[in-house]
Amino acid sequence: MQPREPARIPIELKNGARVKSNNVEPQGVYLPNYNVLTPAMRSPEYVQMSTAAAITLGIMKGRMYRCECTRCLNLLLTYPEGCRANCAYCGLARHREAERDYADRNFIRVDWPAVPTEQVVDTVARDAAASPFHRMCISMITHPRSDEDTVSVLKAWTARIDPSAIPVSILSNPTTMTREDVKRLRDLGADIFTVALDAATSEIFDRTRGKGVQSPHSWSKYWEILMHAREIFGPQKFGAHIIVGMGETEHDALALVQKLVDLGGHSHMFCFFPEKGSLMDHLPATPRDQWRRVQLGRYLIDYRGARVEGMKFDGEGRVADFGVPQSELDAVIDAGTAFRTSGCPGKFAEDVSACDRPYGDSPPSNVASYPFQPNKRDIGKIRRQLRIVPR
Ligand code: SF4
């Protein structure tokens, strides 16, 4: 799972130079469109949001396969310079500067419309209690302004919307953060703090988002901020993202899940999908059997008290036995929750994520993370992928 080499960016295209030199004034909502000049939009005045959030909010027209709406309003900081990191699996990475302006880049398989922050807050604040959103999440990116601007977006939200009605999560960018930044976000009302480790091991981290791709992140800095979050936000209020299928073994991924649980946190798990335009777009998506085993193992560890030490693995690090009685395993598989999108909880149940943005890690034709409750037919397919037939 070796990323491509990032190409050299001509100096005249670096740092959002095209958008800055055109300096087109933004006029409200901007729907990504490569045929027009991209306006010069900046957080905290502007944020981008997932296509699913934009449809749910009524900003974009569209329908989502087998979903009515998303329960998480994902907001992403935006700047003409974009994210200054170069993570190999990410559509927002810096190496795309020459090809596409930041606000036009696909990210997690979809476009991210840009919207004035005030308009987002206004729309939700009109009736927060009746909002379809169970949670709002601010995704920081690697940019010198992202710490300050996250604070501003959080303040704009909590000034109008009770965070107990719609709690706020922070998807952090540890590279630019200090302990003080973590504390400030908690003091301002953030509910959950997550760190996108993404890679399951330090070697994969380095290869996909560190020195290997001329990116500034380091495994140790990510863990430093994660440990601050553990102390400041407390048990069950911090967690880490893991992408499965970037070269780690199933044991590597589940050992990390166990470590996070032992620390008092949660893991939010995604299936690797080769994002178009990313440095890993030539690589295969995670085989479904591998993904399902790790998804199931993670659920058993996170919510059913199973332990990685109680599981058996083969010589390739694949799960050979989940270490729980067959009847329990069958009940967990049939309940289907283990195979839904994972992320910070919503209002339905602790183990049902608000973050159900559909088809972020697969096409709808071959769902990796189900953004809805899988039905009997889906469970049959999952069992075939797991190669566990019903008794
Ligand atoms: S820091 Fe986040 S947004 Fe930036 S390139 Fe890496 S994964 Fe993408």
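**Reading the ligand site and the fold**

Visitor: Which residues are around the ligand in this predicted model?

Guide: In this predicted model, the ligand is surrounded by Cys83, Ala85, Cys87, Cys90, Leu92, Ala93, Ile141, Thr142, Arg209 and His217.

Visitor: What makes a residue count as near the ligand?

Guide: The cut-off is a heavy atom within 4 Å of the molecule, and Arg209 and His217 are among the residues listed around the ligand.

Visitor: How many residues of each class does the shell around the ligand have, and where does the ligand sit?

Guide: Seven residues of the shell are nonpolar, two are polar and one is charged, while the ligand itself sits in the largest cavity.

Visitor: Why is Gly315 called exposed?

Guide: The term requires over 50% relative accessible area, and Gly315, at 84% relative accessibility, therefore counts as exposed. Gly315 is found in the loop between strand E9 (312-313) and strand E10 (319-321), and its C-alpha atom is separated by 36 Å from that of His228, 87 residues apart along the chain.

Visitor: How do you know that the radius of gyration agrees with that of a compact globule?

Guide: For 391 residues a compact globule would have a radius of gyration near 21 Å, and the protein has 20 Å, so the two agree. Along its principal axes the C-alpha trace spans about 65 × 50 × 40 Å, and the protein has 11 helices and 10 strands.

Visitor: What percentage of the residues count as buried?

Guide: Buried means under 20% relative accessible area, and 59% of the 391 residues count as buried.

Notes
Residues are numbered from 1 along each chain as its sequence is written. This is a predicted model: local features need pLDDT of at least 70, side-chain atom pairs count only at pLDDT 80 or more; totals for chains, interfaces and linings use all residues. Side-chain values use heavy atoms; hydrogens and water are left out. On a 1 Å grid over the protein atoms alone, a cavity is a set of points where a 1.4 Å probe fits but cannot get out, and a pocket is an open set with protein on both sides within 12 Å along at least five of seven lines; lining residues have an atom within 4 Å of a point. A molecule sits in a cavity or pocket if more than half of its atoms lie within 2 Å of its grid points. Ala, Val, Leu, Ile, Met, Phe, Trp, Tyr, Cys and Pro count as nonpolar, Asp, Glu, Lys and Arg as charged, and the others, Gly among them, as polar. Helices (H or I, at least four residues) and strands (E, at least two) are DSSP runs, numbered from the N terminus. Buried means under 20% relative accessible area, exposed over 50%, partly exposed in between (1.4 Å probe, protein chains only). The radius of gyration is taken over C-alpha atoms; the globule rule is 2.2 Å times the number of residues to the power 0.38.
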